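Here are a few exercises to work through with the model open in your viewer. Try each one yourself before reading the solution.

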Amino acid sequence: MNSEPDTGAHAPADDDTVVLHVAGRTGVVTLNRPRALNALTHPMVLRIAGALEAWADDPAVGQVLVRGAGERGLCAGGDIRAIHDDARAGNTASADFWRDEYRLNARIARYPKPYVALMDGIVMGGGVGLSSHGSVRIVTERSRVAMPETGIGFVPDVGGTWLLGRAPGRLGTHLALTGAAVGAADALLCGLADHFVPAARLPELTADLATAPADEVLPRYAATPGPGVLDGGRSWIDHCYAADTVEEIVDRLLGQGDPAAKEAAETILAKSPTALKATLAAVRRAAALDTLEEALAQEYRVSCNALTSPDLVEGIRAQVVDKDRNPRWSPPTLAAVTEADVERFFAPLGEGRELRPA
């Protein structure tokens, strides 16, 4: 999921929102909702999963390439207007969507053939799930990679807690709580991507992938990105985000005397207090798990339980529906969020409702 605006357009019945074709020995998946920043819908997830299943057993397909249509990004996440409406109505469409989406994330991570993701432009929420679990992850100077869920009263999902929980030091905790978007160098530093390729060279790269394996093609295109920002802040990031609670993290950030740390604190304090505390717990618990599938099962619990949290509906309303950017969180402060409030997100869903491997 994400906090980027969506046009509200839903996938048409003929599902041309995902275009599939085979170029040489490469199966190509093109997300085709450019006006909506290629935001994911349930039919899109099912179409991608079906293609990956078919190509895994097809000897004519040696690798897969995933890209986004248009110039703005790979994918800005899930269709959160639909999730907002579903949560308000108390329906189960979102849980059904997440079940298939998270299974797709797991399939990508264990895909038996090279899975090349072009992470050009905006890559947020569900877009990270489609790309950062792949075996060949390419960013450009235009990449903006983020898990911004706390800004809409939600918690990082699509395996985001697994990825962020394994970033160096406390960088993942910083990104999870602030929802900050990072560029190419920082995406590489945090383990969200593997290679930098200038955006202008992506058409050539794509053409060459039709005739040769990714590991042969990439050395001709890979370059060094410009400097990032996170490495220079590692000392205060690792110190501040090692604190036990979100309140303590904010206090440490404010006490640093560093403008970047102060900005991080102010960013955190604008997010949903409940989502912040659930996110800190989710990232730390995911870091202690053994497999991505376990992390996705935990995220599925958290996501489904979040549907009954007032902050999810309110956050999407403020950011996307009414766009007043003035969410009224409940409870409104970190101090008012109890341990029981956090534990509710991790409560079992009941027999037959938990996420199981596909």
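**Exercise 1.** Find which residues of α1 meet which residues of α3 in this predicted model, then work out how the two helices are oriented.

*Solution.*
- Start with the contact list. On the α1 side you should get His42, Val45, Leu46, Ile48, Ala49, Leu52 and Glu53. Their partners in α3 are Asp96, Phe97, Asp100, Glu101, Leu104, Arg107 and Ile108.
- Sort that contact by class: eight residues are nonpolar, one is polar and five are charged.
- Now the geometry. The axes of α1 (residues 42-56) and α3 (residues 93-109) come within 9 Å and cross at roughly 30 degrees.
- Angles under 35 degrees count as roughly parallel, so α1 and α3 are roughly parallel to each other.
- Last, the hand: α1 and α3 make a left-handed crossing.

**Exercise 2.** Decide how far helix α6 is enclosed by the rest of the structure, and say what it packs against.

*Solution.*
- Go through residues 171-178 one by one, taking buried as under 20% relative accessible area. Leu171, Gly172, Thr173, His174, Leu175, Ala176, Leu177 and Thr178 are the buried ones.
- That makes eight of the eight residues, so α6 is largely enclosed by the rest of the structure.
- For the neighbours, look at what those buried residues pack against: α5 (160-164), α7 (184-189), α10 (234-240), α11 (246-254), α12 (259-269) and α13 (273-287).
- Then check what comes after the helix. α6 is followed by Gly179, which has a positive phi, near 70 degrees.

**Exercise 3.** Take Thr173 and Ala260: is each one buried, partly exposed or exposed?

*Solution.*
- Thr173 sits in α6. Its relative accessibility is 8%, so Thr173 counts as buried.
- Leave out residues up to four places away in sequence, and Thr173 touches Leu164, Tyr241, Leu280 and Val283.
- Ala260 belongs to α12. Ala260 has a relative accessible area of 37%, which makes it partly exposed, since that class lies between the 20% and 50% cut-offs.
- For a distance check, pair Ala260 with Ile237: they're 23 residues apart in sequence and 9.8 Å apart in space, C-alpha to C-alpha.

**Exercise 4.** How many residues are in the largest nonpolar core, and which have the most contacts inside it?

*Solution.*
- Counting gives 94 residues for the largest core.
- Rank its members by contacts inside the core, and Leu31, Leu40, Ile48, Trp98, Tyr241 and Leu253 come out with the most.
- Don't stop there: a second, separate core has 15 residues, among them Val116, Ile138, Ala214 and Tyr221.

Conventions. Residues are numbered from 1 along each chain as its sequence is written. This is a predicted model: local features need pLDDT of at least 70, side-chain atom pairs count only at pLDDT 80 or more; totals for chains, interfaces and linings use all residues. Side-chain values use heavy atoms; hydrogens and water are left out. Buried means under 20% relative accessible area, exposed over 50%, partly exposed in between (1.4 Å probe, protein chains only). Helices (H or I, at least four residues) and strands (E, at least two) are DSSP runs, numbered from the N terminus. Contact means heavy atoms within 4.5 Å. A nonpolar core is a set of buried Ala, Val, Leu, Ile, Met, Phe, Trp, Tyr and Cys residues joined through side-chain atoms within 4.5 Å. Axes are lines fitted to C-alpha atoms, for helices over the stretch in contact, and angles run from 0 to 180 degrees between N-to-C directions. Angles under 35 degrees count as roughly parallel, over 145 as roughly antiparallel, 65 to 115 as roughly perpendicular and the rest as oblique. A crossing is left-handed if the near helix is turned anticlockwise from the far one by less than a right angle, and right-handed if clockwise. Ala, Val, Leu, Ile, Met, Phe, Trp, Tyr, Cys and Pro count as nonpolar, Asp, Glu, Lys and Arg as charged, and the others, Gly among them, as polar.
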